[in-house]
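I opened this entry to look up enclosed space and one helix. My notes follow the order in which I checked things.

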Amino acid sequence: MSKTYRSIRGMHDILPAAVSDWQQLERVSQSLLEGYGFQEIRMPLLERTEVFTRAIGQATDVVEKEMYSFEDRNGDSLSLRPEGTAGVVRAALQNGLLYGPVERLWYRGPMFRHERPQQGRTRQFHQIGAEIFGAAGPDVDAELLALGERLWRALGLQGIRLELNSLGNAEERANYRQALVQYMARHQSSLDEDTARRLERNPLRVLDSKLPAVQELLLDAPVLGDFLGAESRDHFDGLRERLDRLGISYHVNPRLVRGLDYYCHTVFEWVTTELGAQGTICAGGRYDGLIALQGGKPWPATGFAMGMERLVALMTQGQEAKPRAMHAYLVLAGDAAQLEGPVIAERIRDAAPGLRLQTNAGAGSFKAQFKRADRSGAALALVLGEDELAAGTMAIKFLRQERPQETVALDQLGTWIRDWFQGTK
Ligand code: ATP
Ligand code: MG
């Protein structure tokens, strides 16, 4: 026997038992996004590598070590998308979606990052993202947060905290960066190699270092908020005022920065303590600088991306995953019933759209077929044997209820099933 294959490390199958939770997340999020005026956009999974290196920045984990990049047969360097925003911006520029009225776009799908796989961190993962183009004020930032909170509520998730910070504008950040580097330089001797390297390549990334020694050093470091000018402070105050009015609570975290370089003003993360170390379920902020980086005229932009694996994990905590149950199972005994069964099944499907009906495949004894019916989770067994066929009827057995069997004429069956499905029988 030749060997069987396994999926690539960090890339997982989502099996039927889990899919209904994914579909629920997809349904609920889509309906909310539409309710806030967002339109879906679908981009290719592959882009030119530059689309990401320029947008995300060379000195980020994603570009430095996480991208799946390769040369295609033409010698072009392509990458599997590690995130959605760069591709949305590329698509919006290419297709003339910018520079008019405010444009609200959302996307959903797989992303790829070569990270160390662990709980809540995979190499193929999935995001739902939303972006708003053409609105510079804190009003839309607040709206994105209202959408987030409504989504957690709609999914029944609790204990999710909003962390918020302002990164100011590029100049303010540059001043702050300098002050931070100077401060850290005074403690040069106590810095580990990785921190020293971050400090050189992308100093703000030192702020989200997980190392206790670095965290302690940062306690006395200059704070970004002190470097904000009047305009940036107004933006941040405006956002907080709106959140207060909307009744959305938040925690200002002065060390919150994003691994990606194109953010300005608002940055935020929705976090939970229920998932262990990988507690950020949604992250985003304003990125007014990105569109110019991608070759367009400057244009304001703000958005977020959420990790679907982490959301599904939260939604299903302590629950056993189960495949979706059938409503009815059609038991067919004898050759004539097996020939007639599929015709009747189609009539039932005409009468009751949405009903999950499984027809027995491959004959089998009554006993075997009833076993399969039970395993399918069906509430009804519809039984067509020789006797029923001769009488022009169907026997209906209730598999999950103490309720006497019924006999229904075949020409009444569609109506009967429809009424039962609608809950009136
Ligand atoms: P982290 O600090 O967890 O690495 P990040 O800053 O790299 O996150 P973003 O690029 O902001 O993450 O992506 C937004 C969201 O996508 C994250 O908050 C998370 O929920 C999810 N996500 C990111 N990377 C992964 C991954 N490798 N596996 C599963 N989910 C992920
Ligand atoms: Mg990451």
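The entries below cover the cavities, then helix H2, in a predicted model.

**Cavities**

I looked for enclosed space and found two cavities of 30 Å³ or more. The largest cavity holds about 40 Å³ of space. I listed its lining as Ser29, Leu32, Leu33, Leu147, Gly148, Leu151, Phe304 and Met306. I then asked which elements each supply at least two residues of this lining. They are helix H1 (16–35), helix H5 (138–154) and strand E11 (301–307). Sorting the lining of the largest cavity by class, I noted six nonpolar residues, two polar and no charged ones.

The second largest cavity holds about 30 Å³ of space. I found it lined by Glu64, Arg197, Arg198, Arg201 and Arg205. Helix H7 (residues 193–201) gives the largest share of this lining, three residues. By class I noted five charged residues here, with no nonpolar and no polar ones.

**Helix H2**

Next I asked why helix H2 (residues 49–56) is largely enclosed by the rest of the structure. Six of its eight residues are buried, so the rest of the structure largely encloses it. I wrote down the buried ones: Thr49, Val51, Phe52, Thr53, Ala55 and Ile56.

What do the buried residues of H2 pack against? I found three strands and three helices to record by name: E2 (46–48), E3 (69–71) and E4 (77–80), then H3 (61–66), H4 (85–94) and H10 (290–293).

Last, I checked the residue just after H2, which is glycine 57. Its phi is positive, about 100 degrees.

Definitions and conventions: Residues are numbered from 1 along each chain as its sequence is written. Chains are lettered from A and ligands numbered from 1 in the order in which they are written. This is a predicted model: local features need pLDDT of at least 70, side-chain atom pairs count only at pLDDT 80 or more; totals for chains, interfaces and linings use all residues. Side-chain values use heavy atoms; hydrogens and water are left out. On a 1 Å grid over the protein atoms alone, a cavity is a set of points where a 1.4 Å probe fits but cannot get out, and a pocket is an open set with protein on both sides within 12 Å along at least five of seven lines; lining residues have an atom within 4 Å of a point. Grid points are joined across faces, edges and corners, and a volume is the space filled by probe spheres set on the points. Helices (H or I, at least four residues) and strands (E, at least two) are DSSP runs, numbered from the N terminus. Ala, Val, Leu, Ile, Met, Phe, Trp, Tyr, Cys and Pro count as nonpolar, Asp, Glu, Lys and Arg as charged, and the others, Gly among them, as polar. Buried means under 20% relative accessible area, exposed over 50%, partly exposed in between (1.4 Å probe, protein chains only). Contact means heavy atoms within 4.5 Å.
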